[in-house]
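Please open the structure in your viewer and keep the sequence beside it, since this tour moves from one selection to the next.

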Amino acid sequence: MSAFTLSQLLVAIAIVFDLISFQFKSRERIVACLFVSGILISIHFCLLAQWTAAGLMGIASVRYLTSIFTTSKKAMWGFSGAAVLMSGLTYSGLVSVISCIGTLFQTRAAFCQADKNLRLLMIVGTSFWLCHNILIGSPVAVLMELLFIGSNLVGYYRHYFRGQLHSSKRKA
C-alpha cells in the first residue's frame, strides 16, 4: 500500500470521529473525539510530507486532550504560541500560513467554555484547513473538512436553532 493510500485511509477513519464529535452536547465529548481524529490526521500529513500540518495537528491533539480538563486562557495562549513556532520552524509557503491560521481559530475554539462558541470558531478554523487540504491535493481530507463543517452545522441546528424555533412557535 502506498503512503498516499494509507494517508487517505487514516483520514477516512478520522472522518468517523469528526462526524460524531459535534453530535454530542458535552464539550468534553466533542474534544475527546477531536483528540483521536487529530492523531490520525497528523499521521496522514506525515505520510504526505506536509510537516507544518503534521506538527500543527500533533499540537492540536495534545491541545484537545488538555482542553478536556481546562479552559485556561494561559493554556490557550501557550498552544497558540506553539502553533506559531511550529509554523515558523517548518514554513513551506502559503500552505503553512493557511494551516496556522486555521489552527489558531481552532485553538481558541478548544478553550471556549460554551460549546456554542466552540462550534462557531471551529467552522471558521475548518474553512482554512479546507483550503489547505485542497492546495496539498488530499481528496479525502477535503471531504473530511466538508463533512466536519456539515456535521458541526447539524449539531448547531439540533442544539440551538431548532430549540429557538420550537420556543418561538409556542409563543405565537
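In which helix is Ile101 found? Select Ile101 and you will see that this residue is found in helix α5, in a model that, please keep in mind, is predicted. With a relative accessibility of 31%, Ile101 counts as partly exposed, because that class lies between 20% and 50%.

Next, add Tyr91, Leu94, Val97, Phe105, Val124 and Leu135 to the selection, and together with Ile101 these residues make a nonpolar surface patch of about 610 Å². Two elements, α5 (94-110) and α6 (115-136), each give two or more residues to this patch, and the largest share, four residues, comes from α5.

Stay in helix α5 and select Thr107, which has its place there as well. Thr107 is buried, with a relative accessible area of 0%. If you now show what surrounds Thr107, leaving aside the neighbours within four places in sequence, you will find contacts with Arg63, Met76, Phe79 and Ser80. You can also draw a distance from the C-alpha atom of Thr107 to that of Ala83, which is 24 residues apart along the chain, and the separation is 9.0 Å.

Finally, turn to the cysteines, bearing in mind that the structure holds zero disulfides. Cys46 is in no disulfide, and the nearest cysteine sulfur, that of Cys100, is 17 Å away; Cys46 itself is partly exposed, with a relative accessible area of 34%. Cys100, by contrast, is buried at 10%, and its sulfur is 15 Å from the closest cysteine sulfur, in Cys131, which is too far for a bond because a disulfide needs the two sulfur atoms within 2.5 Å.

Note on methods
Residues numbered from 1 in each chain as written. Predicted model: local features only at pLDDT ≥ 70, side-chain atom pairs only at ≥ 80, totals over all residues. Heavy atoms only, no water. Patch = residues over 30% accessible without salt bridge, like charges linked within 9 Å, V, L, I, M, F, W, Y side chains within 5 Å. Areas by Shrake-Rupley, 256 points an atom, 1.4 Å probe, with all protein chains shown as cover. Salt bridge = Lys/Arg side-chain N within 4 Å of Asp/Glu carboxyl O. Buried < 20%, exposed > 50% of the residue type's maximum accessible area, 1.4 Å probe, protein only. Contact = heavy atoms within 4.5 Å.
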